[in-house]
Amino acid sequence: MRKKINRLMIRYTRIEDIISGSLHDDLVMMDIDKGKYFALNQVATRIWELLEKELSFDELCKLLLEEYEVEEGQCRREVEEYLEEMRKMKLIKVLDPSSTLGTSS
Amino acid sequence: MLNKLSREQLYQRHHLSHQQIDDFLGEKESGNYPELKGQILGKVHDFRVVSNILFDQNIEFIPLKGPMLSYRLYGDMSYRNFGDLDFLMDRSSIEPAIKKLKENGYECPLYDWHIEVGTESQIFDHYHHIVLINPHSNIHLELHWRLFNYKFAGKGITDEMIANSKTSLKYEERGFQVFNPEFELLYLIIHGGLHAWQWLKWLVDIHDFINNIPFSREKFNQLAKSLDAQRMIQVCNTLLQDYFPDSPLLPQSSRTPPFLYKYATDQLQGIEEGDFSLMGRIKHHWYRMQCFPGLKYKWSVLSHIFLYPEQLENDQLSRNRLLYYLGGMSKKLKRRI
């Protein structure tokens, strides 16, 4: 129960000072430290755009379900994967108010 | 006329980005070149770093062309290709800006900035920028204290004119000073015109500016008149009609000078960039002399052809003004003008 409540309190937002530019429906981003670029596909780009504001996982899924024709379960699974990948690439911040550390990215 | 050029020519010869090329050829190939997009993003990063350094030092500046123009035209600093980063600032800010940039790893490869007695007027009167380089990214940075060396309408673009032509543009929570649309457009036309529209990229800038950014034709006309820029506008309009037949045109009061139009067309259509033979250089200098009316303008062009070295370099300046001029002439003659 505590784990479920914690998850509801977790919010996500993008890290703003990433250098990025659009390339059709994709977003190309630059990892300056490594001197490498990478591209987000259309869905990841849309998640990135939506995370301009802090959103919870459920809020994010709800917005995506309004835009994409996809079954809810599949949407939630894929969003979870995208968020984890973006967290590892340090593109987003995970704001967990219940964590003693405050935020993690 | 654009669709007669290949993507390779538009990219290599005319310096358009693949996204711009997609726009004009009606293609969707730019996604095949993500590494080139990444390169531009790297330069955008450099722009951000330099801007932050200048902001932190409270140095007022105006970014010229480059990523800020790309942002104004397309909402994306990396949509349009650019090479150098150019910043305009007051001459009193040049030395503190160089000092801080050097502390952050930039180098002055051509001229190690210093002002001695007798050289200050030589630097600020006869040159308009200094070059710095980031040795890691190899990006060239130009700090300008003047937009052009030439005296359009007898006086050139004055500090007062620039002060009256500024506006603010927000980018990532920072308020950047930029030129207002009318001045920016005129600056781009003059810049492209003086370079004889050698790169189609510059004409594309004008086309996209007119089509995407609202501007006051009345204010533009007034500015153009104050700088005697009608010939530049006439040539630009005729080239716009050639390459973008459906494009709206700039306000124009008389016919296009045939020599200026023919020379610019030859440059645009040339397979190579520029003719660096002796005859080619003479033609180019003659072209520049005709770009604006007035003896003061023509003298300022001639002075820069024959007397002043092109770049501010360490061995150029001399306390003795005669030696300085002779040094400039000798370098020019060595290069056969």
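## A well-covered helix in chain B

Let's start inside chain B of this predicted model. Helix α11(B) has a long list of buried residues: B:M232, B:I233, B:Q234, B:V235, B:C236, B:T238 and B:L239. What lies over them? The cover for the buried residues of α11(B) includes four helices of chain B, namely α8 (181–194), α9 (200–212), α10 (217–226) and α12 (258–269).

The geometry of this helix can be checked with a little arithmetic. Helix α11 of chain B takes in residues 230–243, 14 residues in all, and at 1.5 Å a residue these should span 20 Å. Its end C-alpha atoms lie 20 Å apart, so the expected span and the model agree.

## The four-stranded sheet of chain B

Elsewhere in chain B you will find an open sheet of four strands, in the order β1-β2-β4-β3 and with mixed pairing. Its edges are β1 (62–64) and β3 (129–133) of chain B, each of which pairs on one side only. From one strand to the next, the twist averages 25 degrees.

Walking across the sheet shows where the mixture comes from. β1(B) and β2(B) run antiparallel and are joined by three bridges, with B:I62 standing opposite B:L88 of β2(B). Next, β2(B) pairs with β4(B) in the parallel sense over four bridges, and here B:L88 has B:H144 of β4(B) as its bridge partner. Finally, β3(B) and β4(B), the latter covering residues 140–144, run antiparallel and share five bridges. Two of the residue pairs there are B:V131 with B:E142 and B:L132 with B:L141.

## Two faces, and a hairpin

Which way do the side chains of β2(B) point, and are they buried or exposed? In this strand (residues 85–88), B:L85 and B:F87 point one way while B:D86 and B:L88 point the other, and all of them are buried. The pattern in β4(B) is split between its faces: B:L141 and B:L143 point to one face and are buried, whereas B:H140, B:E142 and B:H144 point to the other face and are not buried.

β3(B) and β4(B) also make a hairpin, with six residues between the two strands. In its turn, B:N138 has a positive phi of about 65 degrees.

## A second hairpin in chain B

Further along chain B, β5(B) and β6(B) form another hairpin, this one with two residues between the strands. B:E172 sits in the turn and has a positive phi of about 50 degrees. The strands, β5(B) and β6 (residues 174–179) of chain B, run antiparallel with six bridges joining them, and B:K170 stands opposite B:G175 of β6(B).

How many of the six residues of β5(B) are buried? The count is zero, so to speak an open strand: β5 (residues 166–171) of chain B is hardly covered.

## Chain A at a glance

Now for chain A, where the secondary structure comes to four helices and seven strands. Along the sequence they follow the pattern α-β-β-β-β-α-β-α-α-β-β. Chain A has 105 residues, of which 22% count as buried. Among its contacts with a separation of 6 or more, 47% link residues 24 or more positions apart.

## Where the two chains meet

The contact between the chains takes eleven residues from chain A and 16 residues from chain B. On the chain A side, β2 (19–23), β3 (26–31) and β4 (36–40) each supply at least two residues. The largest share, four residues, comes from β2(A). By class, the side of chain A that touches chain B has seven nonpolar, three polar and one charged residues.

## Confidence in chain A

How far does the predictor trust chain A? The average pLDDT of the chain is 85, and 86% of its residues score at least 70. Among the elements of chain A, helix α3 (residues 57–67) has the highest mean pLDDT, 95, while strand β7 (residues 103–104) has the lowest, 46.

That lowest-scoring strand belongs with a further point about the same chain. Over residues 101–105 of chain A, pLDDT stays under 50. For this stretch the model has eleven contacts beyond four places in sequence.

Note on methods
Residues are numbered from 1 along each chain as its sequence is written. Chains are lettered from A and ligands numbered from 1 in the order in which they are written. This is a predicted model: local features need pLDDT of at least 70, side-chain atom pairs count only at pLDDT 80 or more; totals for chains, interfaces and linings use all residues. pLDDT is the predictor's confidence in each residue, from 0 to 100. Two residues are in contact if their C-beta atoms, placed from the backbone, lie within 7 Å. The expected span of a helix is 1.5 Å times one less than its number of residues. A residue is buried if 20 or more other C-beta atoms lie within 10 Å of its own, exposed if 12 or fewer, and partly exposed in between; C-beta atoms are placed from the backbone. Ala, Val, Leu, Ile, Met, Phe, Trp, Tyr, Cys and Pro count as nonpolar, Asp, Glu, Lys and Arg as charged, and the others, Gly among them, as polar. Two strands pair if DSSP finds at least two bridges between them. Axes are lines fitted to C-alpha atoms, for helices over the stretch in contact, and angles run from 0 to 180 degrees between N-to-C directions.
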